[in-house]
Amino acid sequence: DRGRKIVVWNLPYHIRWQDLKDLFRDFGPVIRADVQQTADGKSKGMGTVLFESEADAQRAIDDMTGKEIDGRVIDCRLDRYAQ
């Protein structure tokens, strides 16, 4: 997944994995999208998106970093812990 998985920070708390996948599908095929949750099921405001290619992941980072979604400015970076 290295180079193809991005981390998205500062997501609105109502965003679920389906919404996250929909937000990023314009940049290329999304294999998986996840929103991290607390033990009681509430969003932590961050998620990951795994793309089919490194180019798609980089395009998403370039285009989506600094974008405002429902009043929150998101930050996107490559997942440095991806295997």
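**Strand partners, helices and a glycine**

Biologist: Which residue in β6 does V7 stand opposite?

Modeller: Heads-up: this is a predicted model, where local features need pLDDT of at least 70, side-chain atom pairs count only at pLDDT 80 or more, and totals for chains, interfaces and linings use all residues. Numbering starts from 1 along each chain as its sequence is written, and side-chain values use heavy atoms, leaving out hydrogens and water. Strands (E, at least two residues) and helices (H or I, at least four) are DSSP runs numbered from the N terminus. Opposite V7, in β6, stands R77.

Biologist: What is the strand order in the open sheet?

Modeller: Strands count as paired if DSSP finds at least two bridges between them; β1 (residues 5–9) and β6 have four, running antiparallel. At the edges, pairing on one side only, sit β2 (30–37) and β6 (75–78). So the four strands, with antiparallel pairing, go β2-β3-β1-β6.

Biologist: At about what angle does helix α2 run to β6?

Modeller: Axes are lines fitted to C-alpha atoms (for helices, over the stretch in contact), with angles from 0 to 180 degrees between N-to-C directions. Helix α2 (residues 54–64) lies across β1, β3 and β6. Its angle to β6 is about 155°.

Biologist: Is G45 buried or exposed?

Modeller: G45 sits in strand β3 and touches V8, W9, N10, L11 and Y13, leaving aside residues up to four places away in sequence; contact means heavy atoms within 4.5 Å. The cut-offs, with a 1.4 Å probe and protein chains only, are under 20% relative accessible area for buried, over 50% for exposed, and partly exposed in between. Because its relative accessible area is 4%, G45 is buried.
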